[in-house]
Amino acid sequence: MLPALRRGGGWMFRRLAQPTLPDIADTQCGFKFFDGPLVRAIVSSCRIDGFAFDVDLLARLSREGRAIIEVPVAWSDVPGSTFSARTDGLRSMADLLRIALSR
């Protein structure tokens, strides 16, 4: 089971990402598949290089009217994550604000 800080931080991140990507249930799932030429054209305009990079990318795709399709997967959290709720969490929340303000 995930520690309470990480669970709470994940909940907060999803809530803060929702206004930017209201139709996306899980921006942080590690599985992402893209059309190569499309994502190469979009990624050059991305400005976030931390754990919220995928919200930046998805937001830019959405703003361009590109279809984003979510496919559910079974996920199990395992020990050994490189994400630190204290240090990376604060930066990720700030990055979400930067993404929202860049609209």
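This passage describes the confidence, nonpolar cores, salt bridges and surface patch of a predicted model.

Local features in this predicted model were considered at pLDDT of at least 70 and side-chain atom pairs only at pLDDT 80 or more, whereas totals for chains, interfaces and linings use all residues. Residues are numbered from 1 along each chain as its sequence is written, and side-chain values use heavy atoms, with hydrogens and water left out. The mean pLDDT (the predictor's confidence in each residue, from 0 to 100) of the chain is 85, and 96% of its residues reach 70 or more. Confidence is highest in α3, at a mean of 93, and lowest in α1, at 84. Helices are DSSP runs of H or I with at least four residues, numbered from the N terminus.

The largest nonpolar core consists of 11 residues: F13, A17, L21, I24, I48, A52, V55, L58, A59, L96 and I99. A nonpolar core is a set of buried Ala, Val, Leu, Ile, Met, Phe, Trp, Tyr and Cys residues joined through side-chain atoms within 4.5 Å. Buried means under 20% relative accessible area, exposed over 50%, and partly exposed in between (1.4 Å probe, protein chains only). Two or more residues of the largest core come from each of α1, α3 (53-63) and α4 (87-101), and α3 gives the largest share, 3 residues. A second, separate core has 5 residues, among them V39, I42, C46 and L61. In the largest core, L58 is in contact (heavy atoms within 4.5 Å) with L21, T27, K32 and I68, leaving aside its neighbours within four places in sequence. S92, in helix α4, is buried, with a relative accessible area of 4%. Not counting residues up to four places away in sequence, S92 touches F13, F51, A52 and F83.

The structure holds 6 salt bridges, each defined as a side-chain nitrogen of Lys or Arg within 4 Å of a carboxyl oxygen of Asp or Glu. One of them joins the side chains of K32 and D54 (3.2 Å, N to O). K32 lies in the loop between α1 and α2 and D54 in helix α3, so this pair ties together parts that are 22 residues apart in sequence. D54 is buried, at 6% relative accessibility, whereas K32 is partly exposed, at 24%. R91 and D49 also meet in a salt bridge (2.3 Å, N to O). This pair links distant parts of the chain, 42 residues apart, with R91 in helix α4 and D49 in the loop between α2 and α3. R91 is partly exposed, with a relative accessible area of 41%, and D49 is exposed, at 63%. A further salt bridge, between D95 and R98, has an N to O distance of 3.1 Å. These two residues are separated by about one helical turn because D95 and R98 are 3 residues apart in helix α4. D95 is buried, with a relative accessible area of 3%, while R98 is partly exposed, at 44%. Through shared partners, salt bridges join D49, R91, D95 and R98 into one network.

On the surface, F31, F33, V73 and W75 make a nonpolar patch of about 520 Å². Accessible areas come from the Shrake-Rupley method with a 1.4 Å probe, and for residues only the protein chains shown count as cover. Patches are made of residues with over 30% relative accessible area and no salt bridge, with like charges joined within 9 Å and nonpolar side chains (Val, Leu, Ile, Met, Phe, Trp, Tyr) within 5 Å. F31, in the loop between α1 (4-17) and α2 (36-43), is partly exposed, with a relative accessible area of 46%. W75, in the loop between α3 and α4, is exposed, at 55%. W75 is 46 residues from C29 in sequence and 8.7 Å from C29 in space, C-alpha to C-alpha.
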